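Please find below a colleague's note on the model under review. The points are set out for reading beside the coordinates.

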Amino acid sequence: MLQREKDWVAKIQMMQLQSTDPYLDDFYYQNYFEKLEKLSAAEELQGDGPKKERTKLITPQVAKLEHAYKPVQFEGSLGKLTVSSVNNPRKMIDAVVTSRSEDDETKEKQVRDKRRKTLVIIEKTYSLLLDVEDYERRYLLSLEEERPALMDERKHKICSMYDNLRGKLPGQERPSDDLFVQIMCIRKGKRMVARILPFLSTEQAADILMTTARNLPFLIKKDAQDEVLPCLLSPFSLLLYHLPSVTVTSLLQQLMNLPQSAAAPAPSNPHLTAVLQNKFGLSLLLVVLSRGEDLQSSDPATESTENNQWMQVMFMATRELLRIPQAALAKPISIPTNLVSLFSRYVDRQKLNLLETKLQLVQGIR
């Protein structure tokens, strides 16, 4: 290369280093040399030798110039004729500005604010969850007189987690499901709920389970891509063993979208259809059926009214399982072992064989 060409390349490279604020634009380089200067000064003070001279690249500073680009226009020409340059490249695309109404912008802002609020609640609740999960280690390391205060603190944080999930406002008899549904629409929120459930009291966890059952078709729709809902099956299954028979019956009614008094069902039940067509929904339904039947058969002192109510709900659940096509039935995560004996009380032998075959085909046994 000629010297003139070398100078030209060096000039271009130096132009790239021009900065109005070198400390901001080249932060790491400036800090690196600042540390080296301090190190050299310390060595010189300690008498380790003369201060080392280090070559430092001096970043050229230029004054910041503000100028507005005005394209060249020619009178009488069609369209806009512009002259492109390095500093003002030719515009390839014109962004089309679409007019939107104030109502649309207000709705979009409300959706963004609602999601942002939900994310903040999830982060706050996760912080509480991490503290509660760390409680056992803190309890073992604490002194004997500090432990009662730690237990009270843990109990308070668990209640705060539940309140964050349910979002009960002052003066409300029953908290709205809206906040919990918004949390469950987010992947991190679903995993968080699965981790929180073992720490909640039986009443609090049962409320979470009931709320999930009421809104399960919507949650299934929102979980189509994530497929995180199955992580809730294990804590829900463990919870069922601590619930009384009347609560399990009510849960089954919520899961099947039936009124509290098991009246005649509607010809079509989109709620139950969505549950049966989903892996988590069908698995939860079978677990509830299994646990409810165990409670009914093991407690002879069950009131006749409650027993009749359970039998009516079981008849409806069995009929829906027989009616749904094999291709539409989801593949459950697991099948309880007592299902055959369970259904034998409510259907004849022919329907029992059909039902058993359908469930076994789903599992791939036959």
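The numbered points below address confidence, the core and two helices.

1. This is a predicted model, in which local features need pLDDT of at least 70 and side-chain atom pairs count only at pLDDT 80 or more, while totals for chains, interfaces and linings use all residues. Residues are numbered from 1 along each chain as its sequence is written, and side-chain values use heavy atoms, leaving out hydrogens and water.

2. The mean pLDDT of the chain (the predictor's confidence in each residue, from 0 to 100) is 80, and 77% of the residues score at least 70. Over residues 260-266 the pLDDT is below 50, yet this stretch has 13 contacts (heavy atoms within 4.5 Å) beyond near neighbours in sequence.

3. The largest nonpolar core (buried Ala, Val, Leu, Ile, Met, Phe, Trp, Tyr and Cys residues joined through side-chain atoms within 4.5 Å) has 73 residues, of which Leu232, Leu285, Leu289 and Phe343 touch the most other members. Helix H14 (residues 279-298; helices are DSSP runs of H or I, at least four residues, numbered from the N terminus) supplies the largest share of this core, nine residues.

4. Arg195 lies in helix H8 (residues 187-196). Arg195 counts as partly exposed because its relative accessibility is 33%, between the limits for buried (under 20%) and exposed (over 50%), with a 1.4 Å probe and protein chains only. Leaving aside neighbours within four places in sequence, Arg195 contacts Tyr126, Leu129, Leu130 and Glu133. The C-alpha atoms of Arg195 and Glu133 are separated by 9.4 Å.

5. Among the buried residues of helix H9 are Ile208, Leu209 and Met210.

Technical notes: Helix = DSSP H or I, 4+ residues; strand = E, 2+ residues; numbered from the N terminus.
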